[in-house]
Amino acid sequence: MTSCIAQFSFFFYRPKPIRVDFSGGQISSDAGLLPLRAFDQRHGLTRDLAQRLSDPRADERVRHSTLALLRQRLYQIVAGYEDANDADRLRYDPAFQILADQPLGQALGSQPTLSRWENAPSAREIVFLHDALLDWFVQVCGQQVRRRGEILLDIDSTDDPTYGHQQLSFFNGAYNQHMYHPLLIFERHTGCLLAARLRRGTAASPARLVPLLLRLVLRLQKEFPGVRILLRADAGFPLPLLYEFCEFFGLQYVIGLPTNAVFQRRAARLQRRLARRYRRTQQPQRSFSSFRHRAQSWFRQRRICYKAEHTATGTNLRFLVTNLKGRSHSIFQFYNDRGECENRIEEFKNGFAADRLSCHRFRANAFRLLLHSFAYNLVNLFRLHLPLSLRSAQIETLRTRLFKLGARIRQTARCVRIHLASGWPFQRLFQTVALAFNSS
């Protein structure tokens, strides 16, 4: 029996007719992930991660190891294939077979295999995986942290819309949708995600924050003695227990506070002065100040910094609680740098599709959130070692300039040869990165 190769013709090219078929051999569009895989191999990141997961399957029935499934899932997320359904279309992609350390031609895990695997981890294993986020940070960024002498924790929560019948998906009135409410902690200077906890849809912003911080801060203080730890959070986290926690463990903090009648009375004098100045000059006015305050739920006085503005639209007040010293203007400058945390969350959700939590079981979705977290951290740690111009590049830029690289892959008796696209415009970047992480 002979097989025919489908052929197509195009006639818009004037010099000659165009003939197209699917006989090009093993070709992939994701060969640019090879340097990332070399970086992973150098630090043993995915290998150590897989060791935290048990495998209850019978050995004689295992076709794909836990490590192979983990690598397949993480690198597909990095490449932009965030859904487990994508695995069915990529099972025979030679680049992903190499990234997962599987023989060429051997099919990778299918969507049902990955779905069963995502539902397998126990609650204890998920806790251990949380610790691995911090382990990666300590291992790869430890020297950088010690040189800087500072760790800056940015805390925030985000909405994760849900559809269908996911467990613990509830309507959240603040976001006006059915959702999960993940809690995220980033390290500002490195951009690393140190904690990602999935919570039910009705969870308040500070829910379960202090227990999560306790586990995190104790480890950081053990690994980096003498290194200053700072914490920032917006007005969704006005939790007295959080202030007490920071003060007990020696953390310096700046946390937003919602406006109330007491604060407005304390700021009224400055507001009136700015209003008079605005009427006289017709120019926007802004001023900063602070006062000491003790709320009924506080056991001590704390410093409240505030910003007062008066413009054509009226007055605006913002309040912060802090134990930092310095001028109020400097405290607000430090707090406003939280905008970088918003950029990280945007990349985490949109670039790495961290809000694609479509499993039915809550525990499986918690595991999926961690998979997206590790994919994010793998790329983030990798780009910290890239040329300076790309160290702040987001994932879409890295995919365009590095990861999405067409190649023909063939296996010979002695080696696997990968022929990269000759017209690739970022060849020099690929060569620089590949040489930096190349190891036998």
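Start by selecting G80: just after α3, this glycine takes a positive phi of about 100°. Helices here (H or I, at least four residues) and strands (E, at least two) are DSSP runs, numbered from the N terminus. Before moving on, note that this is a predicted model, in which local features need pLDDT of at least 70, side-chain atom pairs count only at pLDDT 80 or more, and totals for chains, interfaces and linings use all residues. Residues are numbered from 1 along each chain as its sequence is written, and side-chain values use heavy atoms, with hydrogens and water left out.

**Helix α3**

Step back from G80 and select residues 66-79, which make up helix α3. The expected span of a helix is 1.5 Å times one less than its number of residues. For the 14 residues of α3 this gives 20 Å, and the end C-alpha atoms are 20 Å apart, so the two agree. Now colour by burial, where buried means under 20% relative accessible area, exposed over 50% and partly exposed in between (1.4 Å probe, protein chains only). In α3, 13 of the 14 residues are buried, so the helix is largely enclosed by the rest of the structure.

**The pockets**

Next, turn on a surface. On a 1 Å grid over the protein atoms alone, a pocket is an open set of points with protein on both sides within 12 Å along at least five of seven lines; a cavity is a set where a 1.4 Å probe fits but cannot get out, and lining residues have an atom within 4 Å of a point. Grid points are joined across faces, edges and corners, and a volume is the space filled by probe spheres set on the points.

Select I126, V127, H130, R197 and L212: of the 21 residues that line the largest pocket, these lie nearest its centre. The volume of this pocket is about 530 Å³. Show α7 (123-148), β9 (193-197), α8 (209-223) and α13 (362-383), each of which supplies at least two residues of its lining. The largest share, six residues, comes from α7. Colour the lining by class (Ala, Val, Leu, Ile, Met, Phe, Trp, Tyr, Cys and Pro as nonpolar; Asp, Glu, Lys and Arg as charged; the others, Gly among them, as polar). You should find twelve nonpolar, one polar and eight charged residues around the largest pocket.

For the second largest pocket, select L34, P35, R37, A38 and N438, which lie nearest its centre among 16 lining residues. This pocket holds about 450 Å³ of space. Its lining draws most on α1, with five residues, and has nine nonpolar, five polar and two charged residues.

**Aromatic pairs**

Show the Phe, Tyr and Trp rings. Rings (the six-membered one for Trp) pair if their centres lie within 6.5 Å; planes under 30 degrees apart count as stacked, over 60 as edge-to-face and the rest as tilted. The structure holds 24 aromatic pairs.

Pick F263 and F319: their ring centres are 5.0 Å apart and their planes at 35°, so this pair is tilted. F263 lies in helix α10 (residues 261-281) and F319 in strand β14 (residues 314-322), so the pair ties together parts that are 56 residues apart in sequence. Both F263 and F319 are buried.

Then go to F348 and Y376, with centres 5.8 Å apart and planes at 75°, so this pair is edge-to-face. Here F348 sits in helix α12 (residues 339-351) and Y376 in helix α13, so the pair ties together parts that are 28 residues apart in sequence. F348 is buried at 2% relative accessibility, and Y376 at 0%. Finally, select F39, F382, F403 and F437, which form one aromatic cluster.

**The cavities**

Keep F348 selected and add T158, D159, D160, P182, L184, K349, A354, D355 and L369; together they line the largest cavity. About 50 Å³ of space lies in it, and its lining has five nonpolar, one polar and four charged residues.

The count comes to two cavities of 30 Å³ or more. To find the second largest, select D154, F186, E187, R188, G191, E340, C341 and R344, which line it. The volume of the second largest cavity is about 30 Å³. Its lining takes the most from α12, with three residues.

**Cysteines**

Last stop: the structure holds zero disulfides (pairs of cysteine sulfur atoms within 2.5 Å). Select C141, which is in no disulfide; the nearest cysteine sulfur, that of C192, is 4.1 Å away. C141 is buried, with a relative accessible area of 1%, while C415 is partly exposed at 32%.
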